[in-house]
Amino acid sequence: DVLPSPEGPVPSVSITEIRQYLRAQGIPFHDGYSCLHTPSLFTDGRVDQLPPPAPSPPYTLFIDKTTGSFLCTATLAEGTWQDFQANVELRHRGVPPASSEEPEEDMCRAREDARCIWDRALPLWELLDEDETNETKAMFGISLVTNATLKRFGVRYLRTAKSLVFPWFSPRDATLKGLKLVRVEKKGDAVTYVEETLPRFDSYRNLFGLPLISRRDTELVLTGWELDALALHQATGVASLALPRGATCLPPVLLPYLEQFKRITLWLGEDLRSWEAAKLFARKLSLKRCSLVRPGDLQPRPLEALNQSLNLTKILRAALPASHKSIVSFRQLREEVFGELVNTEQVAGIKWARFPELNKLLKGHRRGELTIFTGPTGSGKTTFISEYALDLCMQGVCTLWGSFEINNVRLAKIMLTQFAARRLEDQLDLYDEWADRFEDLPLYFMTFHGQQNIKTVIDTMQHAVYMYDITHVVVDNLQFMMGHEHLSVDR
């Protein structure tokens, strides 16, 4: 994915400007947690004849306070702040705003494919015989999840692919918009879950379980995995949703659907990465209403807690408030310090799979740290760093590249070759297969080249961090970005 080009970066808009504009246009709104709520321009009823604000008006249009992007949950129309302003202008001239466009060809194809798979998959509670159902449930570690729960969430099983099938239904009209397939791979004793989504990774924006939420629900638990949402709902009866990409990222386009909740508990997983992600997501969701379940031996992920017969309600009650006061005592830090001592390996960061020697030096990739690689021209810095970043990216570290020296096409070619670990120019028939897999990595490129204004670059990085939950930024290289004459000024 390419971020906005330097010629036309997305003009940033402040929350003050958004509020001033809405007041000037006479559009009523109220303040939400991550968004402003207004009546929709895309449903019937003109802006200048809006109903007076009732106690709970049907405000179905949500404007993101950080970016100004909007989403109408009633019609699924979405766009930038500039698109919103354009639609208001059209409204004043009596021109009806464009409704949400037809989905692109790729999306239509993905939906067709999803529909075919969905029709072939069998409801998990209706397999041929009880033995097959029990074996399948045991394979995924969900023997304790009841058929009633599976039925409620509509989980199916695709025999040919030995995969569980989780549907993505539109909360608006309950049509099937996509699927996630999950299968089990065993390597020795280790069990890994392999996921595949339709549509592709980037367009898959499902909050699994959303159509089951009622308007009256005010408390929610956000999990990092569909099976955790099932376990949680079954054990506690609370409203629970699963994020489409687990602890990797929380796409801002999903925030409007989470506005109705006064309290959100994040229980994303059992490792430190999930804990770090939960703290990051809580900032997006507004710290005031968020609580976090701290990973630990007695607080594993929800499915594991169900399998170990732990009391999930008790774990939820013990969740920590996300907003910290400015001054704390050691007593409040005590548990966190203990957690760091117990998990020294995880605290050291994400290990490189391809560079064991590097793990000895740097221990792992940790957030908030700067690493500088130096070396003479042509010594292989770019080649090495692209492999170093790719190694982490393949482990789910969301990565942003700023290549000021070589262009993105060449950089992507180097990384794709490293990813496939083969000379693709000699095996062009394999290109699409590898390119498809490469495309699913959480990897983004800035489109700057050569000398750049540092403020523009920083703004672009901040935008990427909010939109894609970037945790690793590569700048290659500083000399090219700054130009030679700047180096003497303020190194």
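Visitor: In E10, which residue is the bridge partner of lysine 186?

Guide: Strands of a sheet pair through backbone hydrogen bonds, either parallel or antiparallel. In this predicted model, the bridge partner of lysine 186 in E10 is valine 191, and glutamate 185 has threonine 192 of E10 as its bridge partner.

Visitor: In which sense do E9 and E10 pair, and over how many bridges?

Guide: Strand E9, which covers residues 176-187, pairs with E10 in the antiparallel sense, and the pairing extends over nine bridges. The two strands form a hairpin with two residues between them, and in that turn glycine 188 has a positive phi of about 65 degrees.

Visitor: Where does this hairpin belong in the sheet, and which strands are at the edges?

Guide: The sheet is an open one, formed by five strands in the order E6-E7-E8-E9-E10, with antiparallel pairing. Its edge strands are E6 (122-123) and E10 (190-198), each of which pairs on one side only.

Visitor: Turning to a helix, how should I read the span of H2 from its first C-alpha to its last?

Guide: Helix H2, residues 81-92, has 12 residues and reaches 17 Å between those two atoms, which is close to the 16 Å expected at 1.5 Å a residue. H2 is followed by glycine 94, whose phi is positive, near 80 degrees.

Visitor: Which residues of H2 are buried, and what do they pack against?

Guide: An α-helix has 3.6 residues a turn, so residues three or four places apart point the same way. In H2 the buried residues, meaning those under 20% relative accessible area, are Trp81, Phe84, Asn87, Val88 and Arg91. These residues cover an arc of only 120 degrees around the axis, which puts them on the same side of H2. They pack against helix H1 (15-24) and against three strands, namely E3 (61-64), E4 (70-72) and E5 (78-79).

Visitor: What can be said of the protein chain as a whole, in secondary structure, burial and contacts?

Guide: The secondary structure of the protein chain comes to 18 helices and 18 strands, and 45% of its 491 residues count as buried. Among the contacts in the chain with a separation of 6 or more, 65% are accounted for by residues 24 or more positions apart. The chain exposes about 26,200 Å², of which carbon and sulfur atoms supply 52%.

Conventions:
Residues are numbered from 1 along each chain as its sequence is written. This is a predicted model: local features need pLDDT of at least 70, side-chain atom pairs count only at pLDDT 80 or more; totals for chains, interfaces and linings use all residues. Side-chain values use heavy atoms; hydrogens and water are left out. Helices (H or I, at least four residues) and strands (E, at least two) are DSSP runs, numbered from the N terminus. The expected span of a helix is 1.5 Å times one less than its number of residues. Buried means under 20% relative accessible area, exposed over 50%, partly exposed in between (1.4 Å probe, protein chains only). The arc is that of the directions from the helix axis to the C-beta atoms. Contact means heavy atoms within 4.5 Å. Two strands pair if DSSP finds at least two bridges between them. Accessible areas come from the Shrake-Rupley method with a 1.4 Å probe; for residues, only the protein chains shown count as cover.
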